[in-house]
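Please consider the structure below with its annotated sites in mind. The paragraphs that follow take those sites in turn.

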Amino acid sequence: MSTTAQPVPFLKGHGTENDFVIIPDPDGRLDLSAAAVARICDRRAGVGADGVLRVVRAAADPAARALAGEAEWFMDYRNADGSIAEMCGNGVRVFAHYLRQAGLVKDGGAGEGLPVATRAGVRRVGFAANGDVVVDMGAARLPAGPRASATVTVGERGWPALHVDMGNPHAVAFVDQLTDAGRLFDPPAVTPATAFPAGVNVEFAVDRGPRHVALRVHERGSGETRSCGTGACAVAVAAARRDGLDPARDGETATYTVDVPGGRLVVTEAPDGTVTLTGPAVLVAEGTLDPALLG
Ligand SMILES: N[C@@H](CCC[C@H](N)C(=O)O)C(=O)O
């Protein structure tokens, strides 16, 4: 791979205002450094976004080559600080919406769902008649033992938090009011640090009604964002367990509405463990990146 001196095309999109710069790089020619991602995501000197979605054929990227038989396209997701994350629930919906809009998928991605390779494995994405994008997020994992829970602290206040792994790590704390989390300019402290050796996304959740919750999130690598798809799934699963629901045991799907600062998502957890995330995906702009941003 080599850095190009040519302007690089991009698009801007979002899912419930979790916003992304989408960079089509089908043949994997772009050498996208962490510093370049941070410059692109800078909201004053760059395009501005919570993260970057590089669109590359799975066969053209060493990180996804092993999945090329299952999925043509790889979502190379990066956080705003340039760090790599395993999975992004809003990102994969925006990514699939882009592939469909750009005519890059056969039969418009219909059928059994459009497979998208991610660092957390292949995720299947479907398109609802009302325009929503639905993604099979796989099963949530709730680690047992000393990594099962943690304490989240902001300033003088602390809350118990449940560890929920959605391919990426989450600590879910139920609070009285979303404002209890303060301004969230800095990452909340999460202890013990050994529970999350690769860092963690922290969700603060409140109840809005029966099977209806709301959250704020501080994302690893991106700060406070207006939405987090994997975070919404983690909160729904944590709320279900707190409410005494376990679809695998009960044989019934649990459905939660999850309000985020940027909109509304719906999360289901089926008896076979499958977690499904439904919400909007929008493309809002396109242009070219100044080569100086890429470095
Ligand atoms: N906003 C995303 C999650 C992005 C990755 C996260 N910041 C991490 O580092 O794990 C979502 O919609 O899931």
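Is Arg220 buried or exposed? In this predicted model, Arg220 is buried, because 21 other C-beta atoms lie within 10 Å and 20 or more suffice for that class. Arg220 sits in the loop between strand 13 (212–219) and strand 14 (223–225). Leaving aside neighbours within four places in sequence, Arg220 is in contact with Asn79, Ala85, Gly199, Val200 and Asn201. Among these partners, Asn79 and Asn201 are, like Arg220 itself, covered by the "binding site" annotation of an unreviewed UniProt entry.

That annotation also includes Asn90, which is placed in helix 2 (residues 89–101). Asn90 is buried, with 36 other C-beta atoms within 10 Å. Not counting residues up to four places away in sequence, Asn90 touches Gly15, Thr16, Asn18, Ser227, Cys228 and Gly229.

The contact with Cys228 leads to a second annotation: under "active site", UniProt (unreviewed entry) lists Cys88 and Cys228. Although spread over 141 residues of sequence, they cluster in space, with a largest C-alpha distance of 7.6 Å.

Cys88 belongs to the loop between strand 4 (73–79) and helix 2, and counts as buried because it has 32 C-beta neighbours inside 10 Å. Beyond residues up to four places away in sequence, Cys88 touches Gly51, Tyr77, Gly229 and Thr230. Cys228 lies in the loop between strand 14 and helix 3 (229–242) and is likewise buried, with 36 other C-beta atoms within 10 Å. With the same exclusion of residues up to four places away, Cys228 touches Asn18, Asn90, Asn201, Val217 and Glu219.

Technical notes
Residues numbered from 1 in each chain as written. Predicted model: local features only at pLDDT ≥ 70, side-chain atom pairs only at ≥ 80, totals over all residues. UniProt positions renumbered as here; feature names shortened; annotations may be inferred. Helix = DSSP H or I, 4+ residues; strand = E, 2+ residues; numbered from the N terminus. Buried ≥ 20, exposed ≤ 12 C-beta atoms within 10 Å, placed from the backbone. Contact = placed C-beta atoms within 7 Å.
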